[in-house]
Amino acid sequence: MGKVEPLRKCLGCDEMIGKKGLLRIVRSKEGEIALDLTGKKNGRGAYICKSSECFKKAVKKKSLERSLKCKIGGEVYEQLEAEIKAAEGEEA
């Protein structure tokens, strides 16, 4: 029997989805927030669907800030949104 893929909750739509179907956003010890495409970076991680819709919902609900336990500035959100849109384009 193969390994079972772990489920994670999307911060935008609150659905439980397999880890591989989600994007991971990570906060490092230095407080740097970035998109983790490998899923292996050290730090506190939060998961979101590969859609800008879910990202916008997560921003609106401030669930990213809560999950990463830190304040997130507007420019960080803009950078993340651009990276998510790029990742979305790769999927299509």
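**Exercise 1. Find the contacts of Glu65 beyond its neighbours within four places in sequence, then decide whether Glu65 is buried or exposed.**

Step 1. Contact here means heavy atoms within 4.5 Å. Skip the neighbours within four places in sequence, and Glu65 touches Cys70, Lys71, Ile72 and Tyr77.

Step 2. Place the residue: Glu65 sits in helix 2, residues 63-68. Helices (H or I, at least four residues) and strands (E, at least two) are DSSP runs, numbered from the N terminus.

Step 3. Buried means under 20% relative accessible area, exposed over 50%, and partly exposed in between (1.4 Å probe, protein chains only). Glu65 counts as buried because its relative accessibility is 12%.

A quick word on the input: this is a predicted model, where local features need pLDDT of at least 70 and side-chain atom pairs count only at pLDDT 80 or more, while totals for chains, interfaces and linings use all residues. Residues are numbered from 1 along each chain as its sequence is written, and side-chain values use heavy atoms, with hydrogens and water left out.

**Exercise 2. Work out what Ser51 does in its loop.**

Step 1. Ser51 belongs to the loop between strand 5 and helix 1 (52-61).

Step 2. With a relative accessible area of 19%, Ser51 is buried.

Step 3. Look at the side chain of Ser51: it reaches the backbone nitrogen of Cys54 at 3.2 Å.

Step 4. Leaving aside neighbours within four places in sequence, Ser51 is in contact with Ile84 and Glu88.

**Exercise 3. Sort out the order of the strands in the open sheet.**

Step 1. Two strands pair if DSSP finds at least two bridges between them. Three strands make the open sheet, in the order 4-3-5, with antiparallel pairing.

Step 2. Strand 4 (33-36) and strand 5 (44-49) are the edges, each pairing on one side only.

Step 3. Zoom in on strand 3 (residues 22-27): its antiparallel pairing with strand 4 runs over four bridges. Arg27 has Ile33 in strand 4 as its bridge partner.

**Exercise 4. Which residues touch the most other members of the largest nonpolar core?**

Step 1. A nonpolar core is a set of buried Ala, Val, Leu, Ile, Met, Phe, Trp, Tyr and Cys residues joined through side-chain atoms within 4.5 Å. The largest one holds 22 residues, and Ile25, Ile48 and Leu64 touch the most other members.

Step 2. Helix 3 gives the most to this core, with five residues.

Step 3. Take Leu64: beyond its neighbours within four places in sequence, its contacts include Ile25, Phe55 and Tyr77.

Key
Polar contact = N/O pair within 3.5 Å; in protein donor to acceptor, adjacent residues only side chain to side chain.
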